[in-house]
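Please look over the model below before reading these notes, which go through it point by point.

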Amino acid sequence: HTTPPGRTRRCTARVLSPIYSLSTMASFRTRGAFKAARLSSLRRILLGASCATIIREVQPHARAKSYKAAPGGKGELLALNSDFDKIVAVDTSKMDWVPSPMPNVERKRVFLHGTKEAGKVTSVVRYASGSRFHKHPHPEGEEFLVLSGVFSDHSGDYGPMTYCMNPEGFEHAPSSEPGCEIIVRLRQHPNLAEEPNTKGWLSWLFSRSQKPRTHTVIAPEDGSWVGMAGWGKGVTRKLLYEETSKGYEDSTWLERIPRGTTRKRVIPQGMIEEVFVVEGMVSNPSIGPQQKGAWVRHAEGESVVLSADGGSEATLYVRQAPVDMIKPQPRQS
């Protein structure tokens, strides 16, 4: 009796997939990621890869109604660039620095919805040399890219082009001895809400994975640049954050566009794309030329065309996320 080749490959994959998952744990950067992978592997061993996959796939995909929303604080509701149906472009290099509540820390806000100090916000932030923040948590998460200088907290010292995603529950007291600039998003990375349908060991066995996001740090030397077929000749991407295995639909990456190349991609329906120009210059018919320091948000479903111009390639910091994840939540009465 001869086993068909297809069956052999499937059986081999079923046996080796838990072993492969366990072998990759050494590269995970956090204890939370290690635990999630270990539990996922145990589920696959107990159920078999095919059965575990079926159970995961039949569960409904997470949407906005499944995300936790932290209290937004008290005070007047403010809105800045909060219309997600329109393309928005802001040149932060032409904006004035505005003092933050912390001494020697200034900011330029490009998006805000909510109260002044507890809303969903995207800002370029500048730390003066020797500046410090008090210890604080990050409801609904924090994500930032270091643009210059050195950003520090208890988890490390992070230089230019270092990416950090601090999930809800993470607390730190950031500082900068030499000074630094970062682009940061606050309260735009909520954790998924718990699924109360199954409890106890059934919840552990049949859940997609652990729901909380993983604290992530990507240094400039980490990761790899991958060619993006169909986006444009020579366009490459380095993925910084993605946790689709946990049900999260947002992703963040760095992107390089060679000089004189047009980059084209379609934003999936229900999503938006935010682009920050780290180096170089880009343009398209809707927004015109955008230089280093520009922040652009493209509306959901819109086809994006960005042409690298100027004397060198363009480097972009990009996030794609469901509109429902970051759109303003109605205030609780």
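1. How many bridges join strand β19 to β24, and do the two run parallel or antiparallel? Strand β19 (residues 262–266) is joined to β24 by five bridges, and the two run antiparallel; two strands are said to pair if DSSP finds at least two bridges between them. Within β24, S303 is the bridge partner of V266.

2. A word on the source is needed early. This is a predicted model, in which local features need pLDDT of at least 70 and side-chain atom pairs count only at pLDDT 80 or more, whereas totals for chains, interfaces and linings use all residues. Residues are numbered from 1 along each chain as its sequence is written, and side-chain values use heavy atoms, with hydrogens and water left out.

3. The protein chain has five helices and 25 strands, where helices (H or I, at least four residues) and strands (E, at least two) are DSSP runs numbered from the N terminus. Of its 333 residues, 46% count as buried, that is, under 20% relative accessible area with a 1.4 Å probe and protein chains only, while exposed means over 50% and partly exposed lies in between.

4. In a regular strand the side chains alternate between the two faces of the sheet. Strand β24 (residues 303–307) shows this alternation: V304 and L306 point to one face and are buried, while S303, V305 and S307 point to the other and are not buried.

5. Seven strands form an open sheet with antiparallel pairing, in the order β2-β23-β20-β25-β18-β17-β16. Because β2 and β16 (226–227) stand at the edges with a single partner strand each, one side of each is left without a neighbour in the sheet. The partner of β2 is β23 (residues 294–298), paired over four bridges in the antiparallel sense, and V88 stands opposite R297 in β23.

6. The largest nonpolar core (a set of buried Ala, Val, Leu, Ile, Met, Phe, Trp, Tyr and Cys residues joined through side-chain atoms within 4.5 Å) has 24 residues, of which L145, Y163, I183, F276, W295 and Y317 touch the most other members. Among the elements that each supply at least two residues of this core are β2 (88–91), β20 (271–279) and α5 (323–326). Apart from this core lies another, of 19 residues, including V235, I257, V275 and I287.

7. If residues up to four places away in sequence are not counted, L145 touches M161, T162, Y163, E181, I182, I183, L254, V278 and Y317, where contact means heavy atoms within 4.5 Å.
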